[in-house]
Amino acid sequence: MKLYNLTIAAGALLTLFSAAGCSGSDDWKPGPEDTEKGVSAYFPVPAKTSYIFDSEADPDDMKIEVNVSRQNIADAIAVPLSLSSGAEGCGIPSAVNFEAGEAEASFILDCAGIPDGKMQEVTISLDPSQTDIYGIGLDAVTFSVIKAEWTLISDNLRYSLQYGNYPDVFSNMYHLQGTTQLKLENFFGSGLDIIFDCPSQYITPFIPTVNALVEDEALLEWELYDEANQTYPEWNPGNDSANPYITYLYAYGADDGYDWTYGDMYYNASTGYGYFYMCFYLETDDGNWGYAYPYLDFNLKYNPFE
């Protein structure tokens with residue numbers, strides 16, 4: 001996102017003038033010309049940027065609605081759009097249309113033509129003459145899209161929360177064919193599925209791309225979040241009435257060079273056994289909170305890392 005910090009800008013100007021006064025240099029060049037004379041159109045930050053379509057999906061279900069806003073709303077206008085050249089099988093209209101007085105509009109990114117098993121980064125840009133380079137929002141947005149089949153890779157995935165008296169929860173794991181994407185079903189009994197990229201059998205780093213709000217990408221920290229309902233999940237692993245509901249889960253990835261999330265997805269090649277450990281901060285509906293050091297283990301039906 002484009003953020004313009006006046007304090008930083010003022011400090012930068014003082015530094016510039018001071019340096020110019022000392023050196024006498026004439027090599028100063030102005031920054032890019034502001035283009036706010038247009039309608040100052042921009043993309044709001046999308047709530048979701050990663051889309052996985054089933055290989056048997058109906059083409060009508062392979063469409064993404066993209067929102068656009070503008071600050072100058074006086075007149076009707078068509079703001080031209082451009083699509084990155086590498087976006088194979090994707091299509092957008094030539095422009096997004098605003099009626100007079102309309103601050104928000106949308107258009108469809110059509111992904112019906114994308115090939116099977118090929119992850120694509122699709123970037124859509126607004127006409128620079130209609131954007132404000134120092135304004136709010138984004139001049140361009142990028143979506144990750146793929147069409148592929150989820151294949152069952154483990155049917156004995158065990159979640160051990162290691163917190164309070166919660167029982168273990170059992171579920172499945174899936175592999176997106178032709179990719180390094182894995183899906184953990186019913187993550188720790190929350191009812192939510194987690195998708196993450198796993199290019200090697202060793203877990204670190206671990207940042208989910210679905211149902212997670214990333215708080216600190218450098219430290220690999222994220223919150224479990226129900227994207228479909230736009231809320232934090234509340235659940236009781238194992239549905240044991242003697243235990244409180246979990247109301248908040250924060251996952252730690254790394255700190256001061258130490259990996260809190262680590263493991264080996266294919267530790268034993270003869271049995272397909274794998275595991276990984278994590279670190280959670282949890283809150284429950286009885287007002288308590290604490291840290292948990294849970295683990296997952298499973299047997300993979302095949303080696304996806306070959």
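Two strands count as paired if DSSP finds at least two bridges between them. The model on screen is predicted, and this tour moves through it by selection.

**Whole chain**

Start with everything shown. The protein has 1 helix and 22 strands. Of its 306 residues, 42% are buried. Among contacts with a separation of 6 or more, 60% are between residues 24 or more positions apart. The accessible surface comes to about 16,100 Å², and carbon and sulfur atoms hold 50% of that area.

**Stop 1: the S13–S14 hairpin**

Select residues 212-216, which are strand S13, together with S14. These two strands pair in the antiparallel sense over 4 bridges. To check the register, pick Leu213; its bridge partner in S14 is Glu223. S13 and S14 form a hairpin with 4 residues between them. In the turn, select Leu220, where phi is positive at about 60 degrees. Most residues other than glycine have a negative phi.

**Stop 2: Gln230 and Ser40**

Continue past S14 to Gln230, in the loop between strand S14 (221-224) and strand S15 (246-252). Gln230 is not a glycine, but its phi is positive, near 50 degrees. Is Gln230 buried or exposed? Its relative accessible area is 60%, so Gln230 counts as exposed.

Now select Ser40, in the loop between helix H1 (6-23) and strand S1 (41-42). Ser40 also has a positive phi, near 55 degrees. Ser40 has a relative accessible area of 8% and is therefore buried, the cut-off for buried being under 20%.

**Stop 3: the sheet S1-S3-S6**

From Ser40, move on to S1 and add S3 and S6 to the selection. Together they make an open sheet of 3 strands in the order S1-S3-S6, with antiparallel pairing. S1 and strand S6 (104-110) are the edge strands, each pairing on one side only. Look next at strand S3 (residues 63-70), which is joined to S6 by 7 bridges. One point to label is Val66, whose bridge partner in S6 is Phe107. When following side chains here, recall that in a regular strand they alternate between the two faces of the sheet.

**Stop 4: Ala74**

Leave S3 for the loop between S3 and strand S4 (77-83) and select Ala74. Ala74 is exposed because its relative accessible area is 52%, and the cut-off for exposed is over 50%. Which residues does Ala74 touch, not counting those up to four places away in sequence? They are Ala100 and Gly101. Then draw a C-alpha to C-alpha distance from Ala74 to Ala103: it is 9.1 Å, for a pair 29 residues apart in sequence.

**Stop 5: Asn156**

Select strand S9 (residues 150-160) and find Asn156 in it. Asn156 has 31% relative accessibility and so counts as partly exposed. Leaving out residues up to four places away in sequence, Asn156 touches Ser171, Asp297, Phe298 and Asn299. Two of these pairs deserve a separate look. Asn156 and Asp297 are 141 residues apart in sequence, yet their C-alpha atoms are 8.3 Å apart in space. With Asn299, the link is between side chains: a polar contact of 2.9 Å joins Asn156 and Asn299.

**Stop 6: Thr261**

Go to the loop between S17 and strand S18 (262-268) and select Thr261. Thr261 is buried, because its relative accessibility is 5%. What does the side chain of Thr261 reach at 3.2 Å? The backbone oxygen of Tyr252 is at that distance. Show the surroundings of Thr261 without its neighbours within four places in sequence: the contacts are Ile203, Thr204, Phe206, Tyr252, Gly253, Phe276, Tyr277 and Met278.

**Stop 7: the tyrosine patch**

Keep Tyr277, one of the contacts of Thr261, and add Tyr258 and Tyr262. Switch to a surface view: Tyr258, Tyr262 and Tyr277 make a nonpolar surface patch of about 300 Å². Tyr258 lies in strand S17 (residues 258-259). With a relative accessible area of 45%, Tyr258 is classed as partly exposed. The tour ends at this patch.

Terms used:
Residues are numbered from 1 along each chain as its sequence is written. This is a predicted model: local features need pLDDT of at least 70, side-chain atom pairs count only at pLDDT 80 or more; totals for chains, interfaces and linings use all residues. Side-chain values use heavy atoms; hydrogens and water are left out. Patches are made of residues with over 30% relative accessible area and no salt bridge: like charges are joined within 9 Å, nonpolar side chains (Val, Leu, Ile, Met, Phe, Trp, Tyr) within 5 Å. Accessible areas come from the Shrake-Rupley method with a 1.4 Å probe; for residues, only the protein chains shown count as cover. A salt bridge is a side-chain nitrogen of Lys or Arg within 4 Å of a carboxyl oxygen of Asp or Glu. Buried means under 20% relative accessible area, exposed over 50%, partly exposed in between (1.4 Å probe, protein chains only). Contact means heavy atoms within 4.5 Å. A polar contact is a pair of N or O atoms within 3.5 Å; within protein, one must be able to donate a hydrogen and the other to accept it, and residues adjacent in sequence count only if both atoms are side-chain atoms.
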